[in-house]
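This report describes a protein model, starting with a loop residue and moving on to the sheets and helices.

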Amino acid sequence: MQVEILGTRGNIPLSSRAHARHSGILIDDRLLLDLGESSYLRRRPTHIFITHLHPDHAALSRRDVALAAETYVPELCRAIPEAKVISGPVRAGAHRVVPVPTRHSVHVRSVGYVVEKGRRRIFYSSDLFSIHPRYRSRLGRLDLVITDGSFIRRGGLVRVDAATGRRFGHAGIPDLVAFFSPFTRRIVITHFGGWFYSDIAASRRRIAALSDGARVTAARDGMVVVV
């Protein structure tokens, strides 16, 4: 599979030349995971899979989404009522896409996606702080994991909603590396928070230094990975 990381910037005002666009992963020029920029539709994906309905992952409007693109969302979306709520594996040409519920927000549902093609398997998650144990069996052996880079500090930023008692937020990159390393030998970090932009070269080195068992690298806009 050819995996192109279209955008690496989190939902922040900071930007740089190589980290300017919001979330989007294009697989084999056909499957688009997240639509952080409406301009990604110019690539004419046949299928779109949204992780959650925050605007830096779902720049959706009925006018913009190509009718030829079959679109899947974790929950009903008023902007695109035609989008299908994903509840199980989806066959998309040569690919099989398996949703994996994740924990991130109190207000919106979120999922990551395992994408399979032949014996190759990758997993993409956007913002998250954990995956419930009951869903971890869906991960299995993975050739590549692409995941959240919002916080470099261990523990990330996880809060508790006063009204519901539910946790929400982002795990730290060290926590995510420790979690995903048993499933894969390659992890790519994307969706960077403000910490990353203060010294990008140093930030990339800090991410690489987390490699231990799994190789960990920082993504950039337009980066291509072949698995």
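R44 counts as exposed, with a relative accessibility of 71%. Here exposed means over 50% relative accessible area, buried means under 20%, and partly exposed lies in between, for a 1.4 Å probe and protein chains only. The model is predicted, so local features need pLDDT of at least 70 and side-chain atom pairs count only at pLDDT 80 or more, while totals for chains, interfaces and linings use all residues. Residues are numbered from 1 along each chain as its sequence is written, and side-chain values use heavy atoms, with hydrogens and water left out.

**Two loop residues with positive phi**

R44 is found in the loop between β3 and β4 (47-49). Strands (E, at least two residues) and helices (H or I, at least four) are DSSP runs, numbered from the N terminus. Most residues other than glycine have a negative phi. R44 is not a glycine, yet its phi is positive, at about 55°. D29 also has a positive phi without being a glycine, with a value near 60°. D29 lies in the loop between β2 and β3 (31-33) and counts as partly exposed, at 41% relative accessibility.

**Overall dimensions**

The secondary structure comes to two helices and 16 strands. The radius of gyration is 16 Å, close to the 17 Å that the globule rule gives for 227 residues, so the protein is as compact as a globular protein of that length. That radius is taken over C-alpha atoms, and the rule is 2.2 Å times the number of residues to the power 0.38. Along the principal axes, the C-alpha atoms fill a box of roughly 45 × 45 × 35 Å. Of the 227 residues, 56% count as buried. The accessible surface comes to about 10600 Å², and 49% of this belongs to carbon and sulfur atoms; areas come from the Shrake-Rupley method with a 1.4 Å probe, and for residues only the protein chains shown count as cover. Among contacts with a separation of 6 or more, 51% are between residues 24 or more positions apart, where contact means heavy atoms within 4.5 Å.

**The sheet that holds β1**

One open sheet has seven strands in the order β6-β5-β4-β3-β2-β1-β16, with mixed pairing. β6 (84-85) and β16 stand at its edges with a single partner strand each, so one side of each is left without a neighbour in the sheet. Two strands pair if DSSP finds at least two bridges between them. Five of the six residues of β1 (residues 2-7) are buried, so this strand is largely enclosed by the rest of the structure. V3 has a bridge partner in each of two strands: V225 stands opposite V3 in β16, and I27 is the partner in β2.

The table lists some of the strand pairs of the model.

| Strand pair | Sense | Bridges | One residue pair |
|---|---|---|---|
| β1 and β16 (residues 223-226) | antiparallel | four | V3 and V225 |
| β1 and β2 (residues 24-27) | antiparallel | four | V3 and I27 |
| β5 (residues 70-73) and β6 | parallel | two | Y72 and K84 |
| β14 and β15 | parallel | four | I187 and V216 |

**The sheet that carries the helices**

Another open sheet of seven strands has the order β7-β8-β9-β10-β11-β14-β15, and its pairing is mixed. Its edge strands are β7 (90-92) and β15, each pairing on one side only. On average, neighbouring strands of this sheet are turned by 25° against each other, direction ignored.

α1 lies across β10, β11, β14 and β15 and runs at about 160° to β11. α2 lies across β14 and β15, at about 160° to β15. Axes are lines fitted to C-alpha atoms, for helices over the stretch in contact, and angles run from 0 to 180 degrees between N-to-C directions.

In α1 (residues 173-180), the residues I173, P174, L176, V177 and F180 are buried. They cover an arc of only 165° around the axis, which puts them on the same side of α1; the arc is that of the directions from the helix axis to the C-beta atoms. Their cover includes β10 (120-124), β11 (144-149), β14 (186-192), α2 (200-208) and β15 (215-218).

A218 is found in β15 and is buried, with a relative accessible area of 4%. Leaving out residues up to four places away in sequence, A218 touches I189, F192, F196, R204, I207 and M223. A218 and M1 are 217 residues apart in sequence and 19 Å apart in space, C-alpha to C-alpha.
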